[in-house]
Amino acid sequence: MPQLAGTEDFAAYLDQTVELDARLDGAAQVLRAIAAASIEMSELISLGRLYGQLGASRASTNTDGDVQKELDVLANDIFVSAFRQAPVAAIVSEELSEPLVLDPAGSLAVAMDPLDGSSNIDANVSIGTIFSILPVLANASSAEAHFLQPGRMQIGAGFVIYGPQTSLVFALGSNQTQIFTLDRRDGRFYQAVSAPIIARECAEYAINASNYRHWDAPVRAFIDDCVQGAEGPLKRNHNMRWTGSLVADAYRILLRGGIFLYPGDHRAGYQDGRLRLLYEANPVAFIVELAGGLATDCVRPILDIVPSGIHARVPLVFGSAATVELLTCYHGDPQFSADRAPLFGKRGLIRL
Ligand code: F6P
Ligand code: MN
């Protein structure tokens, strides 16, 4: 049997982290619970159709109107049970319309997307679980109030990716983002990649280009310039990747740089994009910043946004810092709106 590649064991990393900062003890307990639940998830997912119709649709829809899959609901139940073993006061989940109160004496509030990328279940493409850990507020008037803090207040966050490897990507406190990979031979997580730093610049973008006609002028201008490659103003050939699973795109960007965009667009209900602030954008922004990258809503840092509701959506752009800053410049530069807006007007007229 080949040697274990990983040097550091997950449990040892958490112990050391808590030894250095005892305030992270509760969040470390949440991470242990997530790791245990993710092993169960990983086994279930690896069985695919052998387990049953995991990717089959149910009659129900989630808070966002998406059709729920069997695995969405199973994942929600598995993680809710896991959080009962940790000091968690309340949970917000993509699959639950209201916050779920667990231990009123708990010190933490956890927001989660139990199964991210569920349209990829049947396609055997990577999917994941995303989580955000907040300290509870002392004088909260309701369970919901704990969750309406800006992402900057997160004490830990990350995601599990169930792919060829099952990996736990997380950051605790202000410590660097970590990636630990499950060794199925002994059922433990090891640090197989040392703390990733996102390259400052990149030439790879991720966006659902089928929405091109719905985008605002600055996003179209930016993508047009990427597509023009070496012959365009960016003077560099770009590559494009889009998996349809936020966790998979985030994982790739952590390891080799890149920019991800899910901007707001002109489709009904998409003015703030598709992704949810509490349990998609905030956790991704947290680990991206602690890996040297940036995350914005095209203009503002994601982590500074005060949520308007527990299931609020937000435009999300993240990845290589210089490229994310460049996208912000497109939004601030009048030449793009001045140059491109008439074109938009014309297109609008033609469609009518
Ligand atoms: O959870 C929402 C999600 O599935 C993300 O994982 C992914 O990035 C995005 O939606 C894909 O959106 P679309 O179907 O528009 O490509
Ligand atoms: Mn999701």
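**Figure 1. S320, a buried loop residue.** With 0% relative accessibility, S320 counts as buried. The model shown here and in the other views is predicted. S320 sits in the loop between strand β16 (316-319) and helix α8 (321-332). Residues up to four places away in sequence are not counted among its contacts. Beyond them, S320 touches I198, A199, R200, E201 and C202. S320 also touches G257 and G258.

**Figure 2. C298, a non-glycine residue with positive phi.** The phi of C298 is about 100°. That value is positive although C298 is not a glycine. The residue belongs to the loop between β15 (294-296) and β16. C298 has a relative accessible area of 5%, so it is buried, the cut-off being under 20%.

**Figure 3. K235, positive phi in an exposed loop residue.** K235 is not a glycine, yet its phi is positive, at about 55°. The loop that holds K235 runs between α5 (217-228) and β13 (239-240). Is K235 buried or exposed? Its relative accessibility is 65%, so K235 counts as exposed, the cut-off being over 50%.

**Figure 4. N76 in helix α3.** Helix α3 covers residues 70-83 and includes N76. The relative accessible area of N76 is 6%, and the residue is buried. Its neighbours within four places in sequence are left aside here. Apart from those, N76 is in contact with S93, E95 and L96. M112 and P114 are also in contact with N76.

**Figure 5. The largest nonpolar core.** This core has 46 residues. Which of them have the most contacts inside it? They are F10, V30, F83, L168 and F170. Helix α2 (residues 25-47) gives the most to the core, with 12 residues. In soluble globular proteins, nonpolar side chains tend to be buried together.

**Figure 6. L168 and its contacts.** L168 is among the residues with the most contacts inside the largest core. Its neighbours within four places in sequence are again left aside. The contacts of L168 include F10, L31, I34 and A35. F131, F159 and V160 are also in contact with L168. So are Q178, I179, F180 and F189. A second core, separate from the largest, has 35 residues. I161, Y251, F260 and V288 are among its members.

**Figure 7. S46 in helix α2.** S46 lies in helix α2. The relative accessibility of S46 is 55%, and the residue counts as exposed. In sequence, S46 and G293 are 247 residues apart. In space, their C-alpha atoms are 31 Å apart.

**Figure 8. The whole chain, for orientation.** The secondary structure comprises nine helices and 16 strands. The chain has a radius of gyration of 20 Å, close to the 20 Å that the globule rule gives for 352 residues, so it is as compact as a globular protein of that length. Along the principal axes, the C-alpha atoms fill a box of roughly 60 × 50 × 45 Å. Buried residues account for 55% of the 352 residues. Of the contacts between residues at least 6 apart in sequence, 64% join residues at least 24 apart. The accessible surface is about 15,200 Å², and 52% of it belongs to carbon and sulfur atoms. The chain carries 27 positive and 39 negative side chains. The centres of these two sets lie 8 Å apart.

Conventions: Residues are numbered from 1 along each chain as its sequence is written. Chains are lettered from A and ligands numbered from 1 in the order in which they are written. This is a predicted model: local features need pLDDT of at least 70, side-chain atom pairs count only at pLDDT 80 or more; totals for chains, interfaces and linings use all residues. Side-chain values use heavy atoms; hydrogens and water are left out. A nonpolar core is a set of buried Ala, Val, Leu, Ile, Met, Phe, Trp, Tyr and Cys residues joined through side-chain atoms within 4.5 Å. Buried means under 20% relative accessible area, exposed over 50%, partly exposed in between (1.4 Å probe, protein chains only). Helices (H or I, at least four residues) and strands (E, at least two) are DSSP runs, numbered from the N terminus. Contact means heavy atoms within 4.5 Å. The radius of gyration is taken over C-alpha atoms; the globule rule is 2.2 Å times the number of residues to the power 0.38. Accessible areas come from the Shrake-Rupley method with a 1.4 Å probe; for residues, only the protein chains shown count as cover. Lys and Arg count as positive and Asp and Glu as negative; His and the chain ends are not counted. The place of a charge is taken as NZ of Lys, CZ of Arg, CG of Asp or CD of Glu.
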